[in-house]
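This briefing concerns a single protein chain and is meant to be read beside its sequence and coordinates. Please keep both at hand while going through the topics below.

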Amino acid sequence: MKLKKQVTVCGAAIFCVAVFSLYLMLDRVQHDPARHQSGGNFPRSQISVLQNRIEQLEQLLEENHEIISHIKDSDCQFALGGKGQSPDLQMLALYSLLPFDNQDGGVWKQGFDITYEPSEWDAEPLQVFVVPHSHNDPGWIKTFDKYYYDQTQHILNSMVLKMQEDPRRRFIWSEISFFSKWWDNISAQKRAAVRRLVGNGQLEMVTGGWVMPDEANSHYFAMIDQLIEGHQWLEKNIGVTPRSGWAVDPFGHSSTMPYLLKRSNLTGMLIQRVHYAIKKHFAATQNLEFMWRQTWDPDSSTDIFCHMMPFYSYDVPHTCGPDPKICCQFDFKRLPGGRINCPWKVPPRAITDANVAERAQLLLDQYRKKSKLYRSRVLLVPLGDDFRYDKPQEWDAQFLNYQRIFDFLNSRPSLHVQAQFGTLSDYFDALYKKVGIVPGMKPPGFPVLSGDFFSYADREDHYWTGYYTSRPFYKSLDRVLEAHLRGAEILYSLVLAHARRAGTDSRYPLSDYALLSNARRNLGLFQHHDAITGTAKEAVVVDYGVRLLHSLTNLKRVIINAAHYLVLGDKDAYHYDPAAPFLSTDDTRLNQDSLPERTVVRLDASPRFVVVFNPLEQERLSVVPILVNSPHVRVLSEEGQPLPAQLSAYWGSATDAVPDLYQVSVLARLPALGLRVLQLHKTFDGHATLKSSVRLYLHGRDLPVRKHEALPVHVFPATTDDFCLENQQLRACFSGPSGLLQSIRRAGEEREQRVSSEFLVYGTRASKDKSGAYLFLPDGEAKPYAPKDGPVVRVTEGPFFSEVASYYQHVQTVVRLYNVAGVEGLSLDVSCLVDIRDHVNKELALRFSTDIESDDTFFTDLNGFQIQPRRYLRKLPLQANFYPMPAMAYIQDAQSRLTLHTAQALGVSSLSSGQLEVILDRRLMQDDNRGLGQGLKDNKRTCNRFRLLLERRTTASKSSSFFSKLTSVFKALGFPGTRTGSPEVQDGRPISFPSLLSHVTSMHLNAEVLVMPVAQEKLAPPVLRSFLPLSATLPCDFHILNLRTLQAEDDSQPSAEAALILHRKGFDCSLEAKNLGFNCTTSQGKLALGSFFQGLELSSLQPTSLTLMYPLGTAPNSTTVHLDPMEIATFRVRLG
């Protein structure tokens, strides 16, 4: 809202300054006697030039006015700049400043010596909160269930018992996945005790997500979903809303997390795994506590208070103070005679009257030293570790010994310390009180930080950048499940509303809600920081895989059941038969580690029908692939109109066309979030479909070729010539010998843009420290991938798509160009089927090299939610320059931007100007000493899917040309320019956004069309009608993140309410957006929801916090909502 005014005011101010300066210059020219004496026309011509300039400027102002009134709000300026105060700490800038020299700091090895004067606390005593915690991984070395039965249930059972023994005891818990399983197994009496402990502040639920998610590979849909799942569970079962975030174990921290927590109404958060050099710098400058703000935030509405732990780990030796040798002596689980001891060789001693004075003094010294690193006189001291407190003896050892120390300290006023057990919120509350603010406000004198904390190193050059790619098969399966969950949630919510309205809901399988609920929990579980990261034991990975596949299968059922009801012309004829589903699934997977096999539609005399689901909230013109068993096929719309289609072979290998299997690719317009009905007829009319032709280049390989009579295949022994594919928008050229991409040319441009791709291999070090599941420790730069045989290259050309498939020993890559108007035809579809199961200690990478002058700057997304500019730093080792890429990465200069979109999270970097490279898979034979005890040897055949988008910059839209002209005026006035590849910098905030086309391309890649054949082959099916759920076009910067039916009192039943979650995307409109061929409009962030869903009334609309825990104000009278760019908003709605 404010942006509009600010941009207009700034523009006007700049204009005034410019005009005023010009008038001054004019004035000087006209009144300069020396100039007059020089005679001639010189000043006259000068004046006319200046007057021209003024006219130009006036014209520019006119243009500017026109643009601003045209844009009205901040659709465009948002990407061009807003007025925010700049943060005190900008992570990108900080990385450039720090030396990363890893000096030995003494007892605190990665820090420095801390000194203090004993009198420092005389005026204001030190307030210490010791926070007992137990970090429970929902799967890592053991499966989720095994951990629960072996450890977690005992921890929670002891907790109820032991906390009741002394009201001064405190405990925090974070993973609701474990907590809910335990809750289901305990008595009503025990549940009441838990509610009492929560109610009186002894037990705090921190963060309250289903898991403590990984923040690198997780996608924001799943991050939010697992947070909602946990929060809804807590509200329903315990009646509690979390206030503080606790993330001690994710391997690096994303700035998406503070945004989600803030929008869920949490007021404080804690993080731990941050690069040791950053911890040291923040400790030295007392910046370990800060307000964390989004880079794109124009004011401070996204600020959340964040506490960073200063030392190496979250275990007891590294939490009481700087000296682990001393802190370990206060971990009373390690008392002599136990199973674990202190590696520093000095064991703990039980606290007695005889030794309490000396022990308490020793511990207080550590507390005081740690306190020196922070700004307030309140100190947080976590007390716990992985799966701690699983035996009553440990509860006694820790709580009784610490209580003796506290009693001693608190009874000696001369020590000026008050120590006690506390929860995380006890600590934050005391701190807020001490600095005199209410929770959520900025404490005076504390810094504001923006940016993120990737990539993480815990010691030396051990960067945790391997896990961005580890086990890519499951990273891909995660996203397939996510797309299905979103599609199933939306269809289920719509079918429920329609069935209720028609009064047929009693015949609908409402029990599908239990399948949805189970899928939410399995997707949530997989966001855990040892699951999607690929850092669990092999057997645990299989357990996750089985859960993911089980839910994927169930969600396909939910989608089929909903689609069945929604496409029926006569709803009264609806009959649900679980034994004989009306529709077949689009594909099936044999096992949790199998690639999908697509369903074949068998043609015979009677027509076959298929239902096509488009999970996007935008209408799309797509090439819909259908597998059939005959080349004699004709495709019709539901009304019987013939649809254009391309027939091609289905290849089982490079040279083997599978007999009796054909792909028919139908060009179809698919309604937003809707279902389109198509008919397939067997026909012997040879002109019904357009055939594709194939050229096979064997490159010296003596291979038998199996082909169909129906489709032409030309076999060539080899080719040295490059060749090209083109559509109306693009021309892509490939190397003849390798079959790999060489260049792209956009329509209307003379010049080819070099975009050459190659495969590379990284090895690992010869020294003792080698790459493993977590760490990437390469043996130097990547070497070219050199397979023993040349590739077989297969070129397919047809009217709706053409593609080049290159078959190498370990990777098959297919680059496809769609000949379709709109989004599909503006980028290249790239897939890589990778199989490195015979490699030893190797990682396979795909690198694109271009002439884009990106210097050392590149851009990666965080959680598919926002873009973070990155810099390649030569002072850091190669592995430090890799970053997570859940959805996209790009490089750019003044002319072009090249974006690599991805359908699965992988590690990415730009190691030199004009390059972008992604790690596809890694096979490592050893553990990397982070506790896993295994290498990565369970590789699968994995399909990685990408879209490659080349866009033109700056000259595109009117507004940006106005700003570029303004920039040239600035340059004329001597203002410095920015470097071409570098991020747009606003008030010291590096900031960048994808274009609208880029956003939509990403959506197309991640929300694939589902093709579901009507199962009954013989009977004539009932009348089917396409389903168009939306009555209006959604503005294309809006995304319906979810429409999630909320649960009724009974867990497994749906209620009448749903959560509508909307995201308005921030975009950069300085990229060419002409001829997109898709009707894309924006609406300044306004959306009328009243009659948005066709045939359904919106009977209530209540804005809430992100996870529905808090209503935001009273329900408005109007059903029009407004969102600022980048914001995510949740509404509690009733459709009927």
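The following briefing covers the chain as a whole, the confidence of the model, one set of parallel strands, one proline and the cysteines.

The model is a predicted one. The protein chain comprises 1136 residues, of which 62% are buried, and its secondary structure consists of 20 helices and 50 strands. The mean pLDDT of the chain is 91.

**Overall architecture**

- Of the contacts between residues at least 6 apart in sequence, 76% join residues at least 24 apart.
- The chain exposes about 41,300 Å², and carbon and sulfur atoms account for 52% of that area.

**Confidence**

- A pLDDT of 70 or more is reached by 89% of the residues in the chain.
- Residues 1-5 have a pLDDT below 50, and this stretch makes twelve contacts in the model beyond near neighbours in sequence.
- Residues 956-980 also form a stretch in which pLDDT stays under 50; the model has 38 contacts for this stretch beyond four places in sequence.
- Where pLDDT is low, the predicted coordinates should not be read in detail.

**Strand β6 and its parallel partners**

- Strand β6 spans residues 268-271 and is covered on both faces.
- G268 and L270 lie on one side of β6, while M269 and I271 lie on the other, and all four are buried.
- In a regular strand the side chains alternate between the two faces of the sheet.
- Strand β5 (residues 244-247) runs parallel to β6 and is joined to β6 by four bridges.
- Within this pairing, A247 stands opposite I271.
- The chain passes from β5 to β6 by way of helix α10 (residues 256-263), and this β-α-β crossover is right-handed.
- Strand β8 (residues 304-308) is likewise parallel to β6, with four bridges between them.
- The bridge partner of G268 in β8 is F305.

**Surroundings of P625**

- P625 belongs to strand β16, which covers residues 620-628.
- With a relative accessible area of 31%, P625 is partly exposed, because this value lies between the 20% and 50% limits that mark buried and exposed residues.
- P625 and V664 are 39 residues apart along the chain, yet their C-alpha atoms are separated by 5.9 Å.
- V664 is one of the residues in contact with P625 beyond four places in sequence; the others are R598, Q663, S665 and V1011.

**Disulfides**

- The structure contains three disulfides.
- A disulfide is a covalent bond between the sulfur atoms of two cysteines.
- C320 and C327 form one disulfide, with an S to S distance of 2.0 Å.
- The torsion about the S-S bond of C320 and C327 is about -85°, so this disulfide is left-handed.
- C320 is buried at a relative accessible area of 2%, and C327 is buried at 0%.
- C328 is joined to C342 by a disulfide with an S to S distance of 2.0 Å.
- C328 and C342 both lie in the loop between α12 (324-327) and α13 (356-371), so their disulfide ties together parts that are 14 residues apart in sequence.
- The link of C328 and C342 has -100° about its S-S bond and is left-handed, and both cysteines are buried.
- The disulfide between C724 and C733 has an S to S distance of 2.1 Å.
- With 100° about the S-S bond, the link of C724 and C733 is right-handed.
- C724 is partly exposed, with a relative accessible area of 27%, whereas C733 is buried, with a value of 8%.

**Cysteines outside disulfides**

- C832 takes part in no disulfide, and its nearest cysteine sulfur is that of C943, 7.9 Å away.
- C832 is buried, with a relative accessible area of 0%.
- C943 is also in no disulfide, and the nearest cysteine sulfur to C943 is that of C832.
- The 7.9 Å between these sulfur atoms exceeds the 2.5 Å cut-off for a disulfide.
- C943 counts as partly exposed, at 25% relative accessibility.

Technical notes. Residues numbered from 1 in each chain as written. Predicted model: local features only at pLDDT ≥ 70, side-chain atom pairs only at ≥ 80, totals over all residues. Heavy atoms only, no water. Helix = DSSP H or I, 4+ residues; strand = E, 2+ residues; numbered from the N terminus. Buried < 20%, exposed > 50% of the residue type's maximum accessible area, 1.4 Å probe, protein only. Contact = heavy atoms within 4.5 Å. Areas by Shrake-Rupley, 256 points an atom, 1.4 Å probe, with all protein chains shown as cover. pLDDT = per-residue confidence, 0-100. Pairing = 2+ DSSP bridges. Right-handed = clockwise from strand over helix to strand, strands pointing away.
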